[in-house]
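I opened this entry to record what I looked up, one topic at a time. The sequence and the model come before the notes.

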Amino acid sequence: NFDTEFRVVWPNGQVKFIRAVALVHKNDNGKPIRMLGVNWDITEQKRLEEILKRSNDELNQFAYRTSHDLKAPLIRVDSLTHFIEEDLESGNLPEVKENVRRISNQVKKLSTLVGEILHLSQADVENKNYEEIDFNLLLKEIRENLDQIFAAENVDIIFEVSLSKPFLGEKMRIKQVLENLISNGVKYSNPERSNKYVKINVSNENQ
């Protein structure tokens, strides 16, 4: 008895996936006398399974990037609340006011980020929302976010931007890619080295 799948390539190059199930019939002495089975085309099923797998992979990646992006301002707010507690105990009210202002800015950033994520999740892949990207500002935001997460790593984040013409793209997607690449560079840096850094160069040479 068997239940298996195999691939068939037609002479014209078309690929089909076939599932085969068969039962072996035996006589009273246990000797196989015939096999009865069926084959059927499962190409469409395989195609749908592949689509589902890609969708699940994209969803997992999206969830990872989203949690990563949301983490930075939350860590910053948590840190500032501890500073406020210390300043209240010491009576340093001007610093308390300043940290409250910083928390308000982080909350605004978080609100903007949530809005961008919702927009991204609803966007039609065929309807790209391109905009001119200010890489100096974008990389500055990324560096501020990662400084809070990797403060103990002592890794400098350096960027150089030399664009001869405006760059159009989807800001949220590009930010996620850059932040993931840079954070990995920081996370996996050599702890034995001094003067550690991650350097990003943005240019549009030969374009």
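**Lys 16 and its surroundings**

I began with Lys 16 and left aside its neighbours within four places in sequence; Lys 16 is in contact with Phe 6, Arg 7, Val 8, Trp 10, Asp 41 and Thr 43. The model I am reading is a predicted one. Lys 16 sits in strand S2. I then checked its side chain for polar partners and found that of Asp 41, at 3.5 Å. For a long-range check I took Glu 98: the two C-alpha atoms are 66 Å apart, with a sequence separation of 82 residues.

**The sheet around S2**

Next I looked up the sheet. It is open, with 3 strands in the order S1-S2-S3 and antiparallel pairing. Strands S1 (2–9) and S3 (32–41) are at the edges with a single partner strand each, so each has one side without a neighbour in the sheet. From one strand to the next, I noted an average twist of 30°.

I went through the pairing of S2 with S3 in more detail. Strand S2 covers residues 15–26, and its antiparallel pairing with S3 runs over 9 bridges. I noted two of the bridge partners in S3: Met 35 for Val 24, and Pro 32 for Lys 26. The S2 and S3 hairpin has 5 residues between the strands, and there Gly 30 has a positive phi near 85°.

**Asn 99 in H2**

I moved on to Asn 99, which lies in helix H2 (residues 93–122). Is Asn 99 buried or exposed? Its relative accessibility is 1%, and buried means under 20%, so Asn 99 counts as buried. Not counting residues up to four places away in sequence, Asn 99 touches Leu 80, Phe 83, Ile 84 and Asp 87. With Asp 87 there is also a side-chain to side-chain polar contact of 3.2 Å. I compared positions with Trp 10, one of the residues in contact with Lys 16. Asn 99 and Trp 10 are 69 Å apart, C-alpha to C-alpha, and 89 residues apart in sequence.

**The largest nonpolar core**

I listed the largest nonpolar core, which has 16 residues; Phe 135, Leu 138, Leu 139, Ile 142, Leu 178, Ile 182 and Ile 200 have the most contacts inside it. Two or more residues each come from helix H3 (135–149), strand S5 (155–162), helix H4 (171–187) and strand S7 (196–203). H3 gives the largest share, 5 residues. In soluble globular proteins, nonpolar side chains tend to be buried together.

I took Ile 200 for a closer look. Leaving aside neighbours within four places in sequence, Ile 200 is in contact with Leu 139, Ile 157, Ile 158, Phe 159, Glu 160, Leu 178 and Ile 182.

**H4 and the loop after it**

I checked the length of H4. Its 17 residues should span 24 Å at 1.5 Å a residue, and the end C-alpha atoms are 24 Å apart, which agrees. I also noted its buried residues, among them Met 172, Ile 174, Leu 178, Ile 182 and Val 186. Polar residues are on that list too, including Lys 175, Gln 176, Glu 179 and Asn 180.

Last, I looked at Asn 195, in the loop between H4 and S7. Most residues other than glycine have a negative phi. Asn 195 has a positive one, near 55°. Asn 195 is exposed, with a relative accessible area of 70%.

Definitions and conventions: Residues are numbered from 1 along each chain as its sequence is written. This is a predicted model: local features need pLDDT of at least 70, side-chain atom pairs count only at pLDDT 80 or more; totals for chains, interfaces and linings use all residues. Side-chain values use heavy atoms; hydrogens and water are left out. Two strands pair if DSSP finds at least two bridges between them. Helices (H or I, at least four residues) and strands (E, at least two) are DSSP runs, numbered from the N terminus. Axes are lines fitted to C-alpha atoms, for helices over the stretch in contact, and angles run from 0 to 180 degrees between N-to-C directions. A nonpolar core is a set of buried Ala, Val, Leu, Ile, Met, Phe, Trp, Tyr and Cys residues joined through side-chain atoms within 4.5 Å. Buried means under 20% relative accessible area, exposed over 50%, partly exposed in between (1.4 Å probe, protein chains only). Contact means heavy atoms within 4.5 Å. A polar contact is a pair of N or O atoms within 3.5 Å; within protein, one must be able to donate a hydrogen and the other to accept it, and residues adjacent in sequence count only if both atoms are side-chain atoms. The expected span of a helix is 1.5 Å times one less than its number of residues.
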